[in-house]
Amino acid sequence: MSREIRERLARYGIRAKKGLGQNFLVDKQYVQKIIDAAQLQAGSVVVEIGPGPATLTPYLAQEVGSSGKVIAIEVDEALRELLTDFASEFPQVKIHWQDALQVDYDQLTEPYLPPGGSFVLVANLPYYITTPIIMHLLESKFSYSHLVVMVQKEVAQRIVSPPGNKNYGALSVAVQFHCHVDLVTTVPPGAFVPAPKVSSAVVRLERRKVPPVSLLDERYFFQTVRAAFNQRRKTLLNALSSLDTKLTKAELASLLANKNIDPTRRGETLSLDEFAIVANALTEVKK
Ligand code: SAM
């Protein structure tokens, strides 16, 4: 696969652009792991962010068949000729030229989905905007069923981390609030051309059908989470003092204690449930 991709790049005179996070996946074994985790069927609608020189795209097209659709979003105009030639061989592939951060994914997929249907998102993400892209998809609550994405290994560790771990942070809480998370595989630098400096990993994020916790105010919940992690070395009490709670420190301490949460704990030890308890109690006070 490595030779085939190198030859394709050479034929179209394309050199990988570091600034656009272009590290192309050329090891078939990891392509297959991504395809397996995507669990596509004939007729599925799949969105791919950053097809690059069409490394994953033909495999996606094969899985969804002629009754499905692959919408590949690419921003690099230098790939236009290559991807246009590629798409002419696969009628089910549509190339959409736009910055993935600006895309309205529901508007993009709606023409191909049955009413109430959902799409699958698959991507070897450009690493310079991994987290903003994932958060754009989750926070906008677009109609995805699951995402299978390649990210830097340390981002994957943060996404799947349980409480109490050094990798646990606001990203873990945010992603785990919206999705069930799984680490599919880690991927060594040698699987890419050119090889990145860091290791990578594939994660599968499956949309939760019901929220894991019930919240009085989702925005305030995330503000609370961010405040708790902003100063990781501080106690929960001190970290939450930066929030506009209308409480004195002593009142905040007793609110936490009343909810059976020791104010001297660090934010990174709190589970999603405990963050919800704290945020809901603070929301009640603010009313
Ligand atoms: N899918 C190919 C693969 O697996 O080998 C390429 C993956 S490469 C890591 C990331 C791709 O995302 C590149 O093709 C790059 O041009 C594209 N890209 C970078 N920034 C983007 C953006 N803001 N919106 C859409 N695509 C982007």
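This report walks through the ligand site, the recorded annotations and a few backbone details of one predicted model.

## The ligand and its shell

Let's start with the ligand, which occupies the largest pocket. Around the ligand stand 23 residues, and the closest of them are Leu25, Gly50, Thr55, Glu74 and Tyr128. Sorted by class, this shell holds eleven nonpolar, eight polar and four charged residues.

Two strands are worth picking out on your screen. Strand 1 (24–25) and strand 3 (69–74) each give at least two residues to the shell around the ligand. Leu25 lies at the end of the range of strand 1 (24–25), and Glu74 at the end of the range of strand 3 (69–74); both residues are also listed with the closest to the ligand.

## Polar contacts and burial

Which side chain has an N or O atom 2.6 Å from an oxygen atom of the ligand? That side chain belongs to Glu74. Nitrogen atoms of the ligand come into play as well: one is 2.8 Å from an N or O atom in the side chain of Tyr128, and a nitrogen is 3.3 Å from an N or O atom in the side chain of Glu48. How much of the ligand does the protein bury? Taken alone, the ligand exposes 590 Å², and 99% of that is buried by the protein.

## What the UniProt record says

The UniProt entry, which is unreviewed, carries a "binding site" annotation for Asn23, Leu25, Gly50, Glu74, Asp99 and Asn124. From this set, Asn23, Leu25, Gly50, Glu74, Asp99 and Asn124 are found in the lining of the largest pocket, and that pocket is the space taken by the ligand. If you are looking for Asp99, try the loop between strand 4 (93–97) and helix 5 (105–109).

The unreviewed UniProt entry also lists residues 30–209 as "domain: Ribosomal RNA adenine methylase transferase N-terminal". Across residues 30–209, the chain is 33% helix and 28% strand. The end C-alpha atoms of that stretch are 29 Å apart.

## Backbone details to check

A cis peptide bond runs from Val193 to Pro194, with omega near -15°. Pro194 itself is in the loop between strand 8 (192–193) and strand 9 (200–207).

Where do positive phi values turn up in residues other than glycine? One is at Gln39, with phi near 45°, in the loop that links helix 2 (28–38) and strand 2 (45–49). Another is at Lys246, where phi is near 65°; this residue is placed in the loop between helix 10 (236–240) and helix 11 (249–258).

Technical notes
Residues are numbered from 1 along each chain as its sequence is written. This is a predicted model: local features need pLDDT of at least 70, side-chain atom pairs count only at pLDDT 80 or more; totals for chains, interfaces and linings use all residues. Side-chain values use heavy atoms; hydrogens and water are left out. A residue is near a molecule or strand if one of its heavy atoms lies within 4 Å of it. A polar contact is a pair of N or O atoms within 3.5 Å; within protein, one must be able to donate a hydrogen and the other to accept it, and residues adjacent in sequence count only if both atoms are side-chain atoms. Accessible areas come from the Shrake-Rupley method with a 1.4 Å probe; for residues, only the protein chains shown count as cover. On a 1 Å grid over the protein atoms alone, a cavity is a set of points where a 1.4 Å probe fits but cannot get out, and a pocket is an open set with protein on both sides within 12 Å along at least five of seven lines; lining residues have an atom within 4 Å of a point. A molecule sits in a cavity or pocket if more than half of its atoms lie within 2 Å of its grid points. Helices (H or I, at least four residues) and strands (E, at least two) are DSSP runs, numbered from the N terminus. Ala, Val, Leu, Ile, Met, Phe, Trp, Tyr, Cys and Pro count as nonpolar, Asp, Glu, Lys and Arg as charged, and the others, Gly among them, as polar. UniProt positions are given in the numbering used here, feature names are shortened, and annotations may be inferred rather than shown by experiment.
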